[in-house]
Amino acid sequence: MEPNFWHQRWSKNEIAFHGYEANPFLVEYFKELNLNERSRVFVPLCGKTLDIPWLLSKGYRVAGAELSKIAVEQLFAELGVEPKIEKTGELDLYSAEDIDIFAGDIFQLSSPILGQVDAIYDRAALVALPEEMRTRYTNHLMEITGKPPQLLICYEYDQSLMDGPPFSVQDEEVRRHYSNQYKLNLLTSKEVTGGLKKYPAKENIWLLQRD
């Protein structure tokens with residue numbers, strides 16, 4: 001997607017994709033990552049997701065990447081925290097205790113800038129990108145994080161019925177992106193209640209672990 005697409009969505013508050021509670025699959029399955037307390041979790045294309053305060057409440061540290069500064073500013077406002085803001089490369093780093101959010105293009109984020117990552121939680125990043133960008137994204141994600149375990153949530157539906165985002169990411173595509181580097185375990189697959197934009201859809205939750 002062109003960056004302007006997401007900037008316009010946030011500036012117009014067209015954020016129907018934003019949930020109003022922590023993702024139930026996160027709550028149920030995050031323990032499968034088997035992380036120690038204080039582990040640092042990377043949330044790509046994080047928006048102002050309520051998954052972040054949930055992770056913080058469980059004693060984890062959080063790093064995130066988000067294109068829209070509006071989303072980042074709203075995230076910290078809703079956390080009730082005043083962030084420190086500094087320039088790091090091409091990105092703006094918003095940071096406070098236990099949280100670092102990099103505002104800007106995720107493809108400008110490098111491993112030295114990002115720092116230690118103990119796990120990845122991808123609820124809304126892979127499915128937000130069109131097919132022609134997803135290989136670049138998954139390769140970049142593995143490069144900057146060092147391939148830690150990952151909890152990945154994908155939608156699956158008939159892409160011919162509607163345009164994304166969120167886009168449909170089939171099981172075979174997940175395997176194509178990640179099976180050379182990870183052992184893949186499909187934890188569960190559930191029908192989306194009421195469908196996705198009224199069309200039948202499934203939500204698939206994957207656990208990716210290093211061999």
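Which side chains meet in a salt bridge at 3.6 Å, N to O? They are those of Asp92 and Lys87, and they get a close-up of their own below. Keep in mind that this is a predicted model.

**Close-up A. Asp92 and Lys87 join up in a salt bridge.**
Look here for the nitrogen and oxygen that sit 3.6 Å apart. The two partners have quite unlike surroundings: Asp92 is buried, with a relative accessible area of 11%, whereas Lys87 counts as exposed at 57%. There's a third member to look for as well, since salt bridges with shared partners tie Lys69, Lys87 and Asp92 into one network.

**Close-up B. Glu78 and Lys48 form a salt bridge.**
In this view, the N-to-O distance is 2.9 Å. The pair brings together distant parts of the chain, 30 residues apart. Glu78 belongs to helix 4 (residues 69–79), while Lys48 lies in the loop between strand 1 (40–44) and helix 3 (51–57). As for the surface, Glu78 is partly exposed, with 48% relative accessibility, and Lys48 is buried at 10%.

**Close-up C. Arg123 reaches Asp51 through a salt bridge.**
Here the closest N and O atoms are 3.0 Å apart. Once again the link joins distant parts of the chain, this time 72 residues apart. To find Arg123, go to the loop between strand 6 (119–122) and helix 6 (131–145); for Asp51, go to helix 3. Arg123 is partly exposed, with a relative accessible area of 23%, but Asp51 is buried, with just 1%.

These close-ups show some of the eight salt bridges that the structure holds.

**Close-up D. Cys46 and Cys154 stay unpaired.**
How many disulfides does the count come to? Zero. A disulfide is a covalent bond between the sulfur atoms of two cysteines. To count as one, the sulfurs would have to be within 2.5 Å. Start at Cys46: the closest cysteine sulfur is the one in Cys154, and because that is 18 Å away, it is too far for a bond. Now start at Cys154: the nearest cysteine sulfur is that of Cys46, so the 18 Å gap leaves Cys154 in no disulfide either.

**Close-up E. Cys46 and Cys154 are each tucked away from the surface, in the sense of being buried.**
Are these cysteines buried or exposed? Cys46 is buried, with a relative accessible area of 6%. Cys154 is buried too, and its relative accessible area is 0%.

Definitions and conventions: Residues are numbered from 1 along each chain as its sequence is written. This is a predicted model: local features need pLDDT of at least 70, side-chain atom pairs count only at pLDDT 80 or more; totals for chains, interfaces and linings use all residues. Side-chain values use heavy atoms; hydrogens and water are left out. Buried means under 20% relative accessible area, exposed over 50%, partly exposed in between (1.4 Å probe, protein chains only). A salt bridge is a side-chain nitrogen of Lys or Arg within 4 Å of a carboxyl oxygen of Asp or Glu. Helices (H or I, at least four residues) and strands (E, at least two) are DSSP runs, numbered from the N terminus.
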